[in-house]
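This report describes one protein chain, first as a whole and then at selected sites. The reader is invited to consult the sequence and the structure alongside the text.

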Amino acid sequence: MTAETSQTLDRGLRVLKLLADTDHGLTVTELSNKLGVNRTVVYRLLATLEQHALVRRDLGGRARVGLGVLRLGRQVHPLVREAALPALRSLAEDIGATAHLTLVDGADALAVAVVEPTWTDYHVAYRAGFRHPLDRGAPPPPILAARQGGLTEPGYTLTHGELEAGASGAAAPLVGVTGVEGSVGVVMLADAVPERVGPRVVDAAREVADALR
């Protein structure tokens, strides 16, 4: 802590992070032990966070993240989109295919940012806001592999015809971005993805991850 920071705010944010890391909630005693502060301080922190709907407590007294965080989360996608656009534009122009950033949204994959190439005669129309189950299309496999710690070389996945007949795709996960699960990829009208596309997608995913850190 420095003279310019708030100890109370710091503790409140630490409470939210601790609660976000558990599926079963935490008791006041557990939070007190993890924060290294007395129970009275924890009660005050929880009461304040509850007033803003950022924390809720169940009948057993266990604290969990509240629905208020969803209102804050809605503002994340525009910021992520803005940070990703330069790398997506470069990817789309270089490959001549539609580039996209896809994030995990619940049980779905959600296209947050999409850039179409400017010089091609035709390309796949893939719109921001498009969503599909995590078990379909090119974006989900690298996301799921990264989540399970099973991502191996070459670091990208290829698909064909899973979301649109005649379309092929390549995608690579965002790595090292705290709190964000997603992938960068391209989709093109082709029977197979050219060999150079996969490594280029991995480079673009790395650029986006760097921009989001």
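Of the 213 residues of the protein chain, 41% count as buried. The model is a predicted one. Its secondary structure comprises seven helices and eight strands. Along the principal axes, the C-alpha atoms of the chain fill a box of roughly 65 × 35 × 30 Å. Of the contacts between residues at least 6 apart in sequence, 49% join residues at least 24 apart.

The accessible surface of the chain amounts to about 11900 Å², and carbon and sulfur atoms account for 52% of this area. The chain carries 22 positive and 24 negative charges, and the mean positions of these two sets are 12 Å apart.

**Helix H2**

Helix H2 spans residues 28–35, and its buried residues are Val-28, Leu-31, Ser-32 and Leu-35. Seen down the axis of H2, these buried residues fall within an arc of 105 degrees, so they line one face of the helix. This pattern accords with a general rule: an α-helix has 3.6 residues a turn, so residues three or four places apart point the same way. The elements against which the buried residues of H2 pack are helix H1 (7–20), helix H3 (39–51), strand S1 (55–57) and strand S2 (63–65). After H2 comes Gly-36, which has a positive phi, near 75 degrees.

**Ala-53**

A positive phi is also found at Ala-53, a residue other than glycine, where the value is near 60 degrees. Ala-53 belongs to the loop between H3 and S1. With a relative accessibility of 30%, Ala-53 counts as partly exposed, because the partly exposed class lies between the limits of 20% and 50%.

The two positive phi values are set out below.

| Residue | Phi |
|---|---|
| Gly-36 | near 75 degrees |
| Ala-53 | near 60 degrees |

**Ser-168**

Strand S7 (residues 167–173) contains Ser-168. Is Ser-168 buried or exposed? The relative accessible area of Ser-168 is 2%, so this residue is buried, the cut-off being under 20%. The side chain of Ser-168 makes a polar contact of 2.6 Å with the side chain of His-160. Which residues is Ser-168 in contact with, leaving aside its neighbours within four places in sequence? They are Thr-159, His-160, Val-186, Val-187, Met-188, Ala-190, Asp-191, Ala-192 and Val-193. His-160 thus appears both in this list of contacts and as the partner in the polar contact.

Terms used:
Residues numbered from 1 in each chain as written. Predicted model: local features only at pLDDT ≥ 70, side-chain atom pairs only at ≥ 80, totals over all residues. Heavy atoms only, no water. Buried < 20%, exposed > 50% of the residue type's maximum accessible area, 1.4 Å probe, protein only. Helix = DSSP H or I, 4+ residues; strand = E, 2+ residues; numbered from the N terminus. Arc of directions from axis to C-beta. Contact = heavy atoms within 4.5 Å. Areas by Shrake-Rupley, 256 points an atom, 1.4 Å probe, with all protein chains shown as cover. Lys, Arg positive; Asp, Glu negative; His and termini not counted. Charge placed at Lys NZ, Arg CZ, Asp CG, Glu CD. Polar contact = N/O pair within 3.5 Å; in protein donor to acceptor, adjacent residues only side chain to side chain.
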